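Student: Please take one part of this model and go through it closely. I would like a single connected account that starts at one residue and works outward.

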Amino acid sequence: MSWQRIKGLKEKRADIQKQMKQILDGADTEKRDTSADENQRFDDLSKQSDEITGQIRREERMIELDAEAQRDLPQPGREDSKPEDTETRDKNSKDLEKRHTEAVDTFLRHGAAGLNNEQRALFMADQTELRALSVSGFGVVGPRGFYPKLVQSMKGYTGVLEAGAEVMNTSTGNQIPIPTSDDTSNSGHILGEAGEETNTDTAPTVGNVNMDAYRYSSKFIRVSLELLQDADFDVISYVLGIAGQRIGRALNAHTTNGDGSNKPRGFAVAASGQIVEAADDVNLTYDDLLDLMNGVDASYWNTPSSGFQLHQTTLIGARKLKDDNGQPIWSPAFGDVEERLMGKKVTINNSLSVYGGSENDVVGAFGDWSQYKVRNVSRPVITRANEKFIEFGQIGFIVFSRHDGDLADSKAIALLDLPAGS
């Protein structure tokens, strides 16, 4: 993973989206609709572009998380010891992280019986975390460096995070309140010289949402005994990669459509007062997107995290749309500039519905995604099932991590619903 690889991926995506633009421009030049073959080619290129975009975002996020993990490494040593210089402290922190990682690798390959006394001692400090998760049997809490590996895989399957939700990382899972405030109805006014301000009815609407920490499970991940015996096999990345994909899919479904009952409250539920009805239930239109943007106050339009969320299938169709003047509303990605719809960021969220579904299905959303809060409790827990799948020559692993999500400002997001009669 490197910036050089990211640069190569962006160049590849730019070339693909250039081909997509050429298909649309060719039909425009000849004043005709795109043919069936051109539509199929465009759709195929769209899917390739989306896959590369997902790779780019995962690579970029992994670099960010690696940097965060290095900053957050624990500082070893007794409280009464003399202060260490920065170089020595960083060296000792990295050494502790390395030893912790080696201990987890030993546990995954050989189980608790394979741990030496020093490795067992490293895990003893994490018993409170394990008890909080009610983990039966022997489980271990991964070091801080594990968290970026898990989130890297999660993020590719979590449209809400990709869109720009504010992430709050906490070390414990206690409930925390998040204050909310809506001041969009208030504005200042002109006051005469030496005049006294008598209007005191300008308090914003305030409240709070409580963020819990729901335990997510990867379910069993099976690994063959042969792979565990192979020293070149990166068992940690393999297990965390699959776990991140599975937990990411579940978390995205809940942060999109969850009802908030023993699970996160998704934005499609929290913003149910901000509904825009689609023109029909067959195809997305330019007017649908325009109405969707107008479904929220304009103050939310130009924040860094404002944009659309659409299902991948819906986005492919949106890339072909034109405005009332016959101009394309889609701008391909170029270099570090992400693709845009109507000048706004667009994120794929495959937990949204597609056209052709049922009445009131949410097929799109627009708004300021920083108003959606995602809480992550850092450091995943890994457990090992020695006997459950032994007849197949496999060991089973489960990864647990804790998360929650809610919308702090319900007016920041508007939803596009399919109309009645669909």
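Tutor: Ser272 sits in the loop between helix α10, residues 267-270, and strand β7. This is a predicted model, and what follows is computed from its atoms. Ser272 counts as partly exposed because its relative accessible area is 46%, and partly exposed covers values between 20% and 50%. A polar atom of the Ser272 side chain lies 3.1 Å from the backbone oxygen of Val269. Ser272 also has a partner in space that is distant in sequence: its C-alpha atom is 9.5 Å from that of Lys411, although 139 residues separate the two along the chain.

The strand after this loop, β7, leads to the sheet. The sheet is open and has 7 strands, in the order β7-β15-β12-β8-β11-β10-β9, with mixed pairing. Its edge strands are β7 (275-277) and β9 (330-331), each of which pairs on one side only. In general, strands of a sheet pair through backbone hydrogen bonds, and the sense is either parallel or antiparallel. One pair in this sheet is formed by β8, residues 306-310, and β11, residues 344-348; they run parallel and share 4 bridges. Within the pair, Leu310 is placed opposite Ile348 of β11.

Now consider the nonpolar packing. The largest nonpolar core has 53 residues, and Phe308 is among those with the most contacts inside it, along with Phe267, Leu284, Leu289, Leu341, Ile413 and Leu416. Helix α1 (residues 3-29) gives this core its largest share, 6 residues. There is also a second, separate core of 28 residues, which includes Leu108, Val235, Val239 and Ile382. To return to Phe308, and leaving out residues up to four places away in sequence, its contacts include Leu289, Leu292, Met293, Leu341 and Met342. Phe308 also touches Lys344, Lys345, Val346 and Thr347, as well as Ala365 and Phe366.

A residue in another element makes a useful contrast with the serine at the start. Thr53 belongs to helix α2, which covers residues 36-71. Thr53 is buried, because its relative accessible area is 8% and the limit for buried is under 20%. By comparison, Ser272 at 46% is partly exposed. The Thr53 side chain makes a polar contact of 3.2 Å with the side chain of Arg13. Apart from neighbours within four places in sequence, Thr53 is in contact with Arg13 and Glu338.

Technical notes:
Residues numbered from 1 in each chain as written. Predicted model: local features only at pLDDT ≥ 70, side-chain atom pairs only at ≥ 80, totals over all residues. Heavy atoms only, no water. Pairing = 2+ DSSP bridges. Helix = DSSP H or I, 4+ residues; strand = E, 2+ residues; numbered from the N terminus. Buried < 20%, exposed > 50% of the residue type's maximum accessible area, 1.4 Å probe, protein only. Polar contact = N/O pair within 3.5 Å; in protein donor to acceptor, adjacent residues only side chain to side chain. Contact = heavy atoms within 4.5 Å. Core = buried A, V, L, I, M, F, W, Y, C linked by side-chain atoms within 4.5 Å.
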